[in-house]
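This report covers the contact between two chains, then salt bridges, then one residue in a loop. Please read it with the structure open.

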Protein chains: 2
Amino acid sequence: MKAHLMTHAEQAQLAMMLEVTAFPKPGNVDRCHDYENTRLEHFLASAILARPAFEHAEQGMGGIGERIREAVYLTNTHSGGNTHFGAFILLIPLIMGENIPGALRVTGETTVEDAIAFYQAFQETEVRILPGDEIDVNSPDALDTLRGRDMTLRDVMSHSATNDMVAREWINGFSLTRKGADLLISHGPGRDAIVFAFLSLLASEPDTFIGKKWGTGVAVRTMMHAREVLEGTREITAFDDECIASGVNPGSIADIIIASIYIALGEGWQWDC
Amino acid sequence: MKAHLMTHAEQAQLAMMLEVTAFPKPGNVDRCHDYENTRLEHFLASAILARPAFEHAEQGMGGIGERIREAVYLTNTHSGGNTHFGAFILLIPLIMGENIPGALRVTGETTVEDAIAFYQAFQETEVRILPGDEIDVNSPDALDTLRGRDMTLRDVMSHSATNDMVAREWINGFSLTRKGADLLISHGPGRDAIVFAFLSLLASEPDTFIGKKWGTGVAVRTMMHAREVLEGTREITAFDDECIASGVNPGSIADIIIASIYIALGEGWQWDC
């Protein structure tokens with residue numbers, strides 16, 4: 001792939017496509033596994049349908065919250081439910097800011113309007129990842145609360161950062177996104193790098209999506225199992241089967257890996273070897 | 001999927017994505033099989049990267065030849081080689097004309113300039129499907145020959161129709177495209193319909209891509225084997241493995257099925273059930 005020919009929007013779409021097709025990716029939808037109501041095709045349809053939101057972000061149109069809301073609306077049209085909410089939270093500022101320092105700048109400039117648009121997007125999804133416990137997203141008063149407290153979207157992420165690793169990326173300088181990109185680049189070209197980066201991040205921190213769904217114990221155990229796979233004492237396919245069978249899907253790590261692929265593609269990492 | 005929300009361009013992209021992910025699709029790249037140099041990700045990258053050509057076709061910008069050339073250029077940037085040349089030959093007029101009668105109208109209006117743009121696109125690919133035997137696409141005189149004979153793109157397709165089933169669609173009223181769409185709709189929603197339509201078309205006519213690559217005998221034998229699968233006397237997975245192992249890939253039927261999915265989506269067929 002001649003990376004210089006791609007727009008940032010296309011790079012983001014390719015990142016979404018490459019993440020979901022990589023395999024085996026323990027617990028998640030991949031080339032070899034579907035969940036009953038969310039299948040490979042749903043993720044790929046979202047990668048196709050999100051494009052206008054990414055293009056508008058690339059053109060600098062509107063705010064981050066508005067663009068996340070647009071991406072969620074565009075991809076909420078199929079029955080697979082929300083597939084990429086967390087990925088959009090990372091990709092939109094990365095596209096707008098062009099790189100990680102730029103993304104930190106644009107996230108630092110978010111407003112209450114961004115927070116409101118973000119909550120409106122959130123209300124469209126069935127995801128339980130955000131925003132912390134303080135403001136009930138399903139409450140009709142949620143938007144008034146945001147206005148009353150003058151909370152920007154970065155404030156929302158800051159509140160959520162303790163128990164959500166995607167939100168935490170906004171606060172800690174996209175550190176796992178950066179780490180994932182470095183893992184991809186160090187591993188070399190091709191799809192095996194994605195599995196390696198995914199497993200490595202999974203082995204480094206408990207996935208907060210698993211934590212919210214199944215409790216911290218399960219998230220920590222999954223992390224330990226990923227370590228054993230990297231150490232060669234656990235079979236990756238057995239680990240994958242076990243996670244799939246019990247519905248333990250590391251959704252937050254997957255979102256972060258998409259952002260990592262996006263960054264790595266921009267730095268010349270070759271998916272296509 | 002709320003079909004009314006999709007643009008024609010998105011519908012074409014989804015058709016490309018749905019075709020390649022459907023499985024088992026004997027002999028072709030699918031969710032379960034790659035070829036060494038052309039993998040699932042290459043097909044999906046093409047589905048993502050083709051979008052501007054489809055959008056321009058939807059806006060009525062330029063001619064069919066120019067839009068096919070644009071689609072080939074956009075998707076020729078990865079190492080998977082040409083993945084969808086035949087599909088573009090069908091999708092571009094279907095998008096421009098809005099439906100099959102409209103596509104026949106716009107293909108009837110093609111010019112020598114369309115033929116020249118098409119040959120330029122063809123020279124970018126390594127595909128051996130077009131254009132018949134009369135004009136050597138690799139000859140530097142090819143474009144002069146087209147001009148000298150005042151050949152339109154429809155004339156080129158007409159010359160190729162005897163030994164190329166994709167070109168034949170332009171001449172016979174997109175009859176296999178229509179048949180495939182009817183098969184999808186009659187089978188009902190979901191990805192199994194794609195496998196059914198693919199097998200049914202494969203059982204109905206020898207694939208001309210196979211014919212050019214391996215000879216008519218192999219194309220006919222593959223057709224007979226597809227019939228046996230439909231009749232229940234041959235296992236689809238064994239047939240698939242056999243085709244994959246011997247490099248017998250029904251590429252022209254795959255291109256036509258993409259066009260069929262595009263038409264069926266426009267007529268309300270649900271991929272997403």
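Glu41(B) and Arg191(A) join their side chains in a salt bridge, 3.0 Å from N to O. The model is a predicted one. Glu41(B) also belongs to a network of salt bridges, which links it with Arg31(A), Arg191(A) and Asp34(B). Between chain B and chain A, the rule finds eight salt bridges. The count of residue pairs in polar contact between chain B and chain A is 19, with both residues at pLDDT 80 or more.

**The interface**

Which helices of chain B each supply at least two residues of the side that touches chain A? They are α1 (8-21), α2 (40-49) and α3 of chain B. The largest share comes from α2(B), with seven residues. By class, the side of chain B that touches chain A has 15 nonpolar, eight polar and 10 charged residues.

The contact takes 33 residues from chain A and 33 residues from chain B. About 2900 Å² is buried between chain B and chain A. Carbon and sulfur atoms give 57% of that area. Three residues, Arg31(B), Glu41(B) and Ile48(B), supply 25% of the area that chain B buries against chain A. No other three residues supply more.

**Salt bridges**

Over all chains, the structure holds 32 salt bridges. Among them are these pairs of side chains.

| Acidic residue | Basic residue | N to O distance |
|---|---|---|
| Asp34(A) | Arg191(B) | 2.7 Å |
| Glu228(A) | Arg234(A) | 2.8 Å |
| Glu55(B) | Arg51(B) | 2.8 Å |
| Glu41(B) | Arg191(A) | 3.0 Å |

Take the salt bridge of Asp34(A) and Arg191(B), with 2.7 Å from N to O. This pair crosses between chains. Asp34(A) lies in the loop between α1 (8-21) and α2 (40-49) of chain A. Arg191(B) lies in the loop between α11 (175-187) and α12 (192-204) of chain B. Asp34(A) has a relative accessible area of 21%, so it is partly exposed. Arg191(B) is partly exposed because its relative accessible area is 23%.

Glu228(A) and Arg234(A) form a salt bridge within chain A. Glu228(A) counts as partly exposed, at 25% relative accessibility. Arg234(A) counts as partly exposed too, at 25%.

In chain B, Glu55(B) and Arg51(B) meet in a salt bridge. Why are Glu55(B) and Arg51(B) separated by about one helical turn? Because they are four residues apart in helix α3 (residues 51-58) of chain B. Is each partner buried or partly exposed? Glu55(B) is partly exposed, with a relative accessible area of 22%. Arg51(B) counts as buried, at 3% relative accessibility. The cut-off for buried is under 20%, so Arg51(B) falls below it.

**A loop residue in chain A**

Where is Thr125(A) found? Thr125(A) sits in the loop between α7 (112-124) and α8 (142-149) of chain A. Thr125(A) counts as buried because its relative accessibility is 10%. Which residues does Thr125(A) contact, leaving aside neighbours within four places in sequence? They are Val72(A), Asn82(A) and Phe85(A).

His42(A) and Thr125(A) are 83 residues apart in sequence. In space, 15 Å separates their C-alpha atoms.

Key: Residues are numbered from 1 along each chain as its sequence is written. Chains are lettered from A and ligands numbered from 1 in the order in which they are written. This is a predicted model: local features need pLDDT of at least 70, side-chain atom pairs count only at pLDDT 80 or more; totals for chains, interfaces and linings use all residues. Side-chain values use heavy atoms; hydrogens and water are left out. Buried means under 20% relative accessible area, exposed over 50%, partly exposed in between (1.4 Å probe, protein chains only). Contact means heavy atoms within 4.5 Å. A salt bridge is a side-chain nitrogen of Lys or Arg within 4 Å of a carboxyl oxygen of Asp or Glu. Buried area is the accessible area (1.4 Å probe) that two parts lose on being put together, summed over both. A polar contact is a pair of N or O atoms within 3.5 Å; within protein, one must be able to donate a hydrogen and the other to accept it, and residues adjacent in sequence count only if both atoms are side-chain atoms. Ala, Val, Leu, Ile, Met, Phe, Trp, Tyr, Cys and Pro count as nonpolar, Asp, Glu, Lys and Arg as charged, and the others, Gly among them, as polar.
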